[in-house]
Amino acid sequence: MTADPVAIARDLVRCRSVTPEEGGALGFLQDLLAQAGFEVQRAVFAEPGTAPVDNLYARIGMAKPNLVFAGHTDVVPAGNETSWSHPPFAGEVAGDKLYGRGAVDMKGGIACFVAAALDYLAVNGGKPKGSLSFLITGDEESVAVNGTVKLLQWASQRGEKFDHCILGEPSNVEFVGDTIKAGRRGSLNGTLIVTGRQGHVAYPERADNPIRGLITLMAALQVALDQGSARFAPSNLEFTSVDVGNPTVNLIPGEARARFNIRYNDCHSQAALKTLIEQRARAAAAGRVHYAFDWQPSNADVFVTQPGPFTELAVAAIAEVTGHRPKLSTSGGTSDARFIKDYCPVLEFGLVGQTMHAVDECTPVADLVMLTAIYRRIIEKYFA
Ligand SMILES: [Zn+2]
């Protein structure tokens, strides 16, 4: 069976799988993989307060090692569809590009790995020397609670073991082969709440304006958290909103809040980071500002995939196909790799991310061909 990554990507883009809708995308993959001999299972996960989401696990082969490809078929909404030059769910190939929502993030990446896997199986008697698996979720772009995190638990309860994982997120910056993501920063959200005493602006001595204290504490928290580490850029705290919500011109408010997000590197654990922030606030408050922190729970802890034979194999495969050695990066936002890393080493490698989540999301057809060749080489080397 020969598989064309462009046709697979096009057909996936035509599925309207905006989170949490399955949109036919997993069904399409299920048919394709089942025809090639994969055992395919679907699993719907639900939780109070969230929409149920469909997921897929497929495996061919029983033996170790099990190389798993992970990805998501869900996409972010298209926004105003009339502002697209090609309809977002038409999967049109125009000039040398495939257009549509999910073309790079990440239906294109899934299509390339499917094509590479089917081609490898066709050439090698229909079975890998080991096992090849797909872990595909429909819940990555939104809250990500009924997706990979539960699919991994589900698979593990069934005795599934993973040895190495490629996550097909668009990792490259300029061209296919420039960047592997081998770790991600952590993400932590918090709110700083300063309380004062409400009063008339004409009699400030009778009130205590919390805005003054909030500014003092905000300034103290915007000092560098570290200088970066061997594998990571410096951590960063960014205030995202300052809220008083006071509609009255002659009223000193009783409370002021500031929300912030921290992207942190491996210089910190989540607990140590909270302690550091709270210490800095305490010093700046000097007993005169009344404040509290409200930390949101975070499941996005920092991690790094240590270099080893698997990383070397992927780097070598990319270099052999593209003539370029990729750099190992830990930049960018969080991804499902934060969950997979608890089961096996995971590398992220996919298409070029430039148009992800944008109007006219698209990928050069040549990139789909190139990525398929790279995945094909990785599979070949993995089972050599
Ligand atoms: Zn993605």
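Which residues of β6 lie on one side and which on the other, and are they buried or exposed? In this predicted model, Ser131, Ser133, Leu135 and Thr137 occupy one side of strand β6, while Leu132, Phe134 and Ile136 occupy the other, and every one of these residues is buried, with the result that both faces of the strand are covered. The strand comprises residues 131–137, and because 7 of its 7 residues are buried, β6 is largely enclosed by the rest of the structure. The term is used here for a residue with under 20% relative accessible area.

The setting of this strand can be described within the protein chain as a whole, whose secondary structure comes to 9 helices and 19 strands. The C-alpha trace of the chain spans about 85 × 45 × 40 Å along its principal axes, and buried residues make up 51% of the 384 residues. When contacts with a separation of 6 or more are considered, 79% of them are accounted for by residues 24 or more positions apart.

Strand β6 pairs with β2 (residues 53–60) in the antiparallel sense, over 6 bridges, and in this pairing Arg59 stands opposite Ser133 of β6. With β3, by contrast, β6 pairs in the parallel sense, over 7 bridges, and there the bridge partner of Phe69 is Phe134 in β6.

Phe134 also takes part in contacts between aromatic rings, for which the count in the model comes to 16 pairs. The rings of Phe38 and Phe134 have centres 5.5 Å apart and planes at 65°, and the pair is therefore edge-to-face, since planes over 60 degrees apart are counted in that class. Because Phe38 lies in the loop between α2 (25–35) and β1 (39–45) whereas Phe134 belongs to strand β6, this pair ties together parts that are 96 residues apart in sequence. Both Phe38 and Phe134 are buried. A further pair is formed by Phe113 and Phe134, whose ring centres are 5.6 Å apart and whose planes stand at 80°, so that this pair is edge-to-face as well. It, too, links distant parts of the chain, with Phe113 in helix α3 and Phe134 in strand β6, 21 residues apart; Phe113 is buried, as is Phe134. Together with Phe69 and Tyr375, the residues Phe38, Phe113 and Phe134 form one aromatic cluster. Elsewhere, a charged side chain is placed over an aromatic ring, for Arg206 lies over the face of Tyr203 at 4.2 Å from the ring centre.

The metal site was examined next. The zinc ion is coordinated by NE2 of His72, by an OD atom of Asp105 and by two OE donors of Glu169, at 1.8 to 2.7 Å. Along the chain, these donors follow the spacing H-x32-D-x63-E. His72 and Asp105 link distant parts of the chain, as His72 is found in strand β3 (residues 66–72) and Asp105 in the loop between β5 (97–99) and α3 (107–123), 33 residues apart. The angles subtended by the 4 donor atoms around the zinc ion range from 52 to 145°, which makes the arrangement irregular; a tetrahedral assignment would require all angles to lie between 85 and 135 degrees. His72 counts as buried because its relative accessibility is 0%, and Asp105, with a relative accessible area of 3%, is likewise buried.

Strand β5 also belongs to an open sheet of 3 strands, which has the order β4-β5-β19 with antiparallel pairing. Since β4 (93–94) and β19 (362–364) stand at the edges and each has a single partner strand, one side of each is left without a neighbour in the sheet. The antiparallel strands β4 and β5 are joined by 2 bridges, and Ala94 stands opposite Lys97 in β5.

A further buried position is Asn265, which lies in the loop between β14 (255–264) and α6 (270–285) and counts as buried because its relative accessibility is 0%. When residues up to four places away in sequence are not counted, Asn265 touches Asp226, Gly228, Ser229, Phe232, Ala233, Pro234, Ser235 and Val302. From Ser133, the residue of β6 that stands opposite Arg59, Asn265 is separated by 132 residues in sequence and by 31 Å in space, C-alpha to C-alpha.

Notes:
Residues numbered from 1 in each chain as written. Predicted model: local features only at pLDDT ≥ 70, side-chain atom pairs only at ≥ 80, totals over all residues. Heavy atoms only, no water. Donors = N, O, S within 2.8 Å, 3.2 Å for Na, K, Ca; no water. Tetrahedral: all angles 85-135°; square planar, octahedral: opposite > 155°, others 65-115°. Helix = DSSP H or I, 4+ residues; strand = E, 2+ residues; numbered from the N terminus. Buried < 20%, exposed > 50% of the residue type's maximum accessible area, 1.4 Å probe, protein only. Pairing = 2+ DSSP bridges. Phe/Tyr/Trp six-rings, centres within 6.5 Å; stacked < 30°, edge-to-face > 60°. Lys NZ or Arg CZ within 6 Å of the ring centre and 35° of its normal. Contact = heavy atoms within 4.5 Å.
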